[in-house]
Amino acid sequence: MSQGLLFDLAAGQEAKEQALSGFEVKAGVWLNRARAVAVDICQDNGSATTDDVLEKIGMPSGMHPNVIGSIFRRGSFRRIGFQPTKRPQGHGRLIGVWVLP
């Protein structure tokens, strides 16, 4: 593999877009439910994270954990910041904090 392919931002973004689009097909029912829950959480608490949504509905069975990244991809959510995930599997990485306009 050449160095150019190791550091190709456009290729990485395209691969991400393809994966997230695939989740819309494979996990569309779960994503619609997750987004509705996210809206409810935002309305009740002012903001929502993927942790908040997963706490309410759990992970979809048989899906790759990356499907979580698609929850706030559609709809009118706006990211206002980041906080560490509370999920042990996330190893403390930062996740988005989302609000409705």
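In the predicted model, His91 is located in the loop that joins S1 and S2. The phi angle of His91 is positive, near 50°, although this residue is not a glycine. Most residues other than glycine have a negative phi. His91 is classed as exposed because its relative accessibility is 74%, and the cut-off for that class is over 50%.

The protein chain contains 4 helices and 2 strands, arranged from the N terminus in the order α-α-α-α-β-β. Along the principal axes, the C-alpha atoms of the chain occupy a box of roughly 50 × 30 × 30 Å. The chain has 101 residues, of which 36% count as buried. Among contacts in the chain with a separation of 6 or more, 53% are between residues 24 or more positions apart.

The largest nonpolar core is made up of 19 residues, and Trp30, Val53, Ile71 and Phe72 have the most contacts inside it. At least two residues of this core come from each of helix H3 (28–45) and helix H4 (50–57). H3 gives the largest share, with 7 residues. The surroundings of Val53 can be listed in detail. With neighbours within four places in sequence left aside, Val53 is in contact with Ala34, Val37, Ala38, Ile41, Gly58, Ile71 and Phe72. Two of these partners, Ile71 and Phe72, are themselves among the residues with the most contacts inside the core.

Val53 is one of the buried residues of H4, together with Thr50, Asp51, Leu54 and Ile57. These residues lie on the same side of H4, because the arc they cover around the axis is only 160°. Glu55 and Lys56, on the other side of the helix, are exposed. The packing partners of the buried H4 residues are H3, strand S1 (78–84) and strand S2 (94–99).

Both ends of H4 were examined. At the N-terminal end, Thr49 acts as a cap, with a side-chain oxygen 3.2 Å from the backbone nitrogen of Asp51. After H4 comes Gly58, which has a positive phi, near 70°. Gly58 belongs to the loop between H4 and S1. This glycine counts as partly exposed because its relative accessibility is 22%, between the limits of 20% for buried and 50% for exposed. Not counting residues up to four places away in sequence, Gly58 touches Trp30 and Val53. The separation of Gly58 and Trp30 is 28 residues in sequence, and their C-alpha atoms are 9.9 Å apart in space.

The largest pocket encloses about 510 Å³ of space. Its lining consists of 21 residues, and those nearest the centre of the pocket are Thr50, Asn66, Ile68, Gly69 and Arg93. Two or more lining residues are given by each of helix H2 (9–26), H4, S1 and S2. The largest share of the lining, 4 residues, is that of S2. H4 thus appears both in the lining of this pocket and among the elements that supply the largest nonpolar core. Thr50, one of the residues nearest the centre of the pocket, is also one of the buried residues of H4.

Terms used: Residues are numbered from 1 along each chain as its sequence is written. This is a predicted model: local features need pLDDT of at least 70, side-chain atom pairs count only at pLDDT 80 or more; totals for chains, interfaces and linings use all residues. Side-chain values use heavy atoms; hydrogens and water are left out. A nonpolar core is a set of buried Ala, Val, Leu, Ile, Met, Phe, Trp, Tyr and Cys residues joined through side-chain atoms within 4.5 Å. Buried means under 20% relative accessible area, exposed over 50%, partly exposed in between (1.4 Å probe, protein chains only). Contact means heavy atoms within 4.5 Å. The arc is that of the directions from the helix axis to the C-beta atoms. A polar contact is a pair of N or O atoms within 3.5 Å; within protein, one must be able to donate a hydrogen and the other to accept it, and residues adjacent in sequence count only if both atoms are side-chain atoms. On a 1 Å grid over the protein atoms alone, a cavity is a set of points where a 1.4 Å probe fits but cannot get out, and a pocket is an open set with protein on both sides within 12 Å along at least five of seven lines; lining residues have an atom within 4 Å of a point. Grid points are joined across faces, edges and corners, and a volume is the space filled by probe spheres set on the points.
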